[in-house]
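I opened a fresh page for this one and wrote down what I looked up, step by step. Here are my notes, friend, in the order I made them.

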Amino acid sequence: MRIITGDSDLVIPPVNSNILNKKIFGSELKIIKEGGHGFGYSYAAEIAKIITQFLS
């Protein structure tokens, strides 16, 4: 499992993703630099790359 978060998310702070990552055995945390809450739109190409690598 991969957990993706933005390091500048004000709605769901990245610390929450760190906690989630520690609680889910075998998970991997990917942090998008300068990613706010809508990082999926702002960094669509980078997110697509992370998802494609995970599915491969």
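**Entry 1: a cut-off first.** Before reading any side chain I fixed my terms: buried means under 20% relative accessible area, exposed means over 50%, and partly exposed is what falls in between. I then tried this on Lys 30, which has a relative accessible area of 25% and is therefore partly exposed.

**Entry 2: how far to trust it.** I reminded myself that this is a predicted model. I looked up the confidence and found a mean pLDDT of 95 for the chain, with 100% of its residues at 70 or more. Where is confidence lowest, and where is it highest? My lookup puts the lowest mean, 92, in helix H2 (residues 39-42), and the highest, 97, in H1.

**Entry 3: the strand pair.** Next I went to strand S1 (2-6) and asked how S1 and strand S2 (residues 28-32) pair. They run in the parallel sense, and I noted five bridges between them. The path from S1 to S2 goes through H1, and I logged this β-α-β crossover as right-handed. For the register, I wrote down that Arg 2 stands opposite Glu 28 in S2, and that Ile 3 stands opposite Leu 29 in S2. A general reminder went in the margin: in a regular strand the side chains alternate between the two faces of the sheet.

**Entry 4: charges across the strands.** How many salt bridges does the structure hold? I found two. One joins Arg 2 to Glu 28, with the closest N and O atoms 3.2 Å apart. Arg 2 sits in strand S1 and Glu 28 in strand S2, so this pair ties together parts that are 26 residues apart in sequence. I also have Glu 28 meeting Lys 30 through their side chains, again as a salt bridge, at 3.2 Å from N to O. Shared partners join Arg 2, Glu 28 and Lys 30 into one network. My general note here is that side chains of opposite charge can pair when their charged atoms come close.

I then checked how open these residues are. Arg 2 has 24% relative accessibility, so I count Arg 2 as partly exposed. Glu 28 comes out at 33%, so Glu 28 is partly exposed too.

**Entry 5: a glycine in S1.** Is Gly 6 buried or exposed? I placed Gly 6 in strand S1, and its relative accessibility is 0%, so it counts as buried. From there I looked across to Tyr 43, which is 37 residues away in sequence, and the C-alpha to C-alpha distance to Gly 6 is 9.7 Å.

**Entry 6: the loop after S1.** I moved on to Ile 12, in the loop between strand S1 and helix H1 (14-23). Ile 12 has 40% relative accessibility, so I put it down as partly exposed. Its C-alpha atom is 7.1 Å from that of His 37, although the two are 25 residues apart along the chain.

**Entry 7: the loop between S2 and H2.** Which sign does phi take at Glu 34? Phi is near 65 degrees, a positive value in a residue other than glycine. I noted this since most residues other than glycine have a negative phi. Glu 34 lies in the loop between S2 and H2, and with a relative accessible area of 63% I call Glu 34 exposed.

Gly 35 is found in that loop between S2 and H2 as well, but its relative accessibility is 0%, so Gly 35 counts as buried. Between Gly 35 and Pro 13 I logged 22 residues in sequence and 11 Å in space, C-alpha to C-alpha.

**Entry 8: a nonpolar patch.** Last, I looked over the surface. Which residues make the nonpolar patch? They are Ile 51, Phe 54 and Leu 55, and the patch covers about 310 Å². I placed Leu 55 in helix H3 (residues 44-55). Its relative accessible area is 65%, so Leu 55 goes down as exposed.

Methods:
Residues numbered from 1 in each chain as written. Predicted model: local features only at pLDDT ≥ 70, side-chain atom pairs only at ≥ 80, totals over all residues. Heavy atoms only, no water. Patch = residues over 30% accessible without salt bridge, like charges linked within 9 Å, V, L, I, M, F, W, Y side chains within 5 Å. Areas by Shrake-Rupley, 256 points an atom, 1.4 Å probe, with all protein chains shown as cover. Salt bridge = Lys/Arg side-chain N within 4 Å of Asp/Glu carboxyl O. Helix = DSSP H or I, 4+ residues; strand = E, 2+ residues; numbered from the N terminus. Buried < 20%, exposed > 50% of the residue type's maximum accessible area, 1.4 Å probe, protein only. Pairing = 2+ DSSP bridges. Right-handed = clockwise from strand over helix to strand, strands pointing away. pLDDT = per-residue confidence, 0-100.
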